[in-house]
Amino acid sequence: MKLNLKKYLLYSSVFAIFSEAFFFHFIIDWKLLYFIIFINYFVILSHNSIKVNKYFTYLLFLILLHAVLSYTFIQIPFNYFISQLLGIAVVGIYFYNLIKILDLDTVIKTYLNFSFVVVILGYLLFFIGYNPFSHFDGDPRLMSILKEPAHYVVVIIPACYYFLKNKNYLKFFITFISILISTSSLGIIGCSLMFVLPYLNLKKFLVFLALLPVFFFLFVQTYNNFEPFKLRVDDTYESLKSIKSGKFKEETNWSSYALISNLYVLNKNISDHPLGSGIGSHFYMYNVTYSKSMRAPQYLIDQDLDKSNAPDANSLFTRMASELGIFGIVIIIFGIYYMKYVFTSNHLLFSQGIVIYLILKLIRDGHYFPPEFYFFIWIMFFEIKRFKNLPSKN
């Protein structure tokens with residue numbers, strides 16, 4: 001493949017992972033990502049045959065088999081899983097082939113350069129007080145060219161971690177501050193993980209367990225003697241009861257409702273279908289089966305926001321557990337356990353940042369094929385593969 005075509009594939013594909021805000025709606029959302037992938041498939045095919053990773057093929061087959069059996073048993077229309085499986089296959093296979101034919105270090109370097117440009121654009125849009133890409137009109141928070149701060153955080157966090165571990169402190173500081181300015185709770189979690197995950201081990205975990213009684217004592221004392229903290233704990237407890245009842249108070253805020261209403265559907269769905277209801281089915285179970293037993297705050301119903309996070313379950317963990325049942329939970333636990341492998345060597349620094357990204361994805365955003373997801377997944381795959389082939393491992 002000629003060098004200029006490789007550069008086109010590289011730059012267009014890396015730009016695509018920041019392109020979620022570039023779309024128009026006609027019947028469905030037509031995203032710029034889809035057009036880039038569609039065109040680039042032909043570019044790849046003109047010089048290479050499309051390859052499919054065998055493990056990815058096995059995964060697609062198992063998901064398909066599980067969906068067909070689950071949908072048939074529960075009687076869910078097949079279009080719910082077909083669209084999801086098609087999206088996973090098309091986007092996943094594309095990024096596998098892209099990174100396979102390009103130099104891995106060049107791909108990572110290009111992502112880091114694009115990320116820093118996006119960070120600088122974020123500051124510019126933040127300081128002028130106007131962002132045409134924002135999902136919410138008039139939202140003053142820093143989110144650069146992404147639709148909302150949480151999405152900005154998850155796409156940028158691997159770069160921020162990499163700058164830190166490579167001692168590029170100027171870029172790290174600029175990126176880190178932008179995440180804090182975004183005021184995203186997900187950003188606070190991600191920043192904390194950057195300083196905690198690399199140093200976790202069994203010994204420190206046992207120390208943490210030994211200190212639990214001390215933490216519990218401090219919690220009880222604070223709860224009994226600090227009224228604002230007591231009110232916050234009581235409010236959280238009341239909200240969590242909605243996971244079982246499905247009934248929400250009028251003062252429940254939108255973000256809490258989005259989280260807890262989907263956990264309510266997960267609780268009901270996994271109780272009724274322990275093996276899961278099939279990929280893509282969470283929205284159907286929410287909208288058709290379980291919404292009748294929920295009571296949303298009236299102000300959200302009036303604004304037509306009572307089901308706004310149902311399609312993606314507000315969280316990848318919630319969606320996988322709901323749709324794949326105990327299989328999904330086992331996959332998540334195994335994945336988290338395996339993730340510790342990448343912290344064993346400085347050869348895997350970028351993959352360590354991807355681990356933080358994946359944890360944040362489990363907490364928030366249940367889309368199976370957002371622009372950046374398989375880009376990061378296959379980089380981690382090839383970086384680990386390269387590390388295993390090194391003559392000596394550090």
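A polar contact is a pair of N or O atoms within 3.5 Å; within protein, one must be able to donate a hydrogen and the other to accept it, and residues adjacent in sequence count only if both atoms are side-chain atoms. Please keep in mind that this is a predicted model, where local features need pLDDT of at least 70, side-chain atom pairs count only at pLDDT 80 or more, and totals for chains, interfaces and linings use all residues. Residues are numbered from 1 along each chain as its sequence is written, and side-chain values use heavy atoms, with hydrogens and water left out.

**View 1. N53 sits in the loop between α2 (32-45) and α3 (54-74).** Helices here are DSSP runs (H or I, at least four residues; strands are E, at least two), numbered from the N terminus. A polar atom of the N53 side chain lies 3.1 Å from the backbone nitrogen of F56, and the N53 side chain also reaches the backbone nitrogen of Y55, at 2.9 Å. N53 is buried, with a relative accessible area of 8%; buried means under 20%, exposed over 50%, and partly exposed in between (1.4 Å probe, protein chains only). Beyond its neighbours within four places in sequence, N53 is in contact (heavy atoms within 4.5 Å) with Y96, W378 and F381.

**View 2. F56 and W378 meet edge-to-face, in a structure that holds 34 aromatic pairs.** Rings of Phe, Tyr and Trp (its six-membered ring) pair if their centres lie within 6.5 Å; planes under 30 degrees apart count as stacked, over 60 as edge-to-face and the rest as tilted. Here the distance is 5.7 Å centre to centre, with 80 degrees between the planes. F56 belongs to helix α3 and W378 to helix α17 (residues 373-388), so the pair ties together parts 322 residues apart in sequence. Both residues are buried.

**View 3. Y341 pairs with F387 and also meets K388.** The ring centres of Y341 and F387 are 6.2 Å apart and their planes are at 65 degrees, so this pair is edge-to-face. Y341 is partly exposed at 23% relative accessibility, whereas F387 is buried at 4%. K388 lies over the face of Y341, 5.7 Å from the ring centre; a charge sits over a ring if NZ of Lys or CZ of Arg is within 6 Å of the centre and within 35 degrees of the ring normal.

**View 4. C160 and C191 do not form a disulfide.** Their sulfurs are 5.9 Å apart, too far for a bond, since a disulfide is a pair of cysteine sulfur atoms within 2.5 Å. The structure holds zero disulfides. C160 is buried at 0% relative accessible area, and C191 is buried at 5%.
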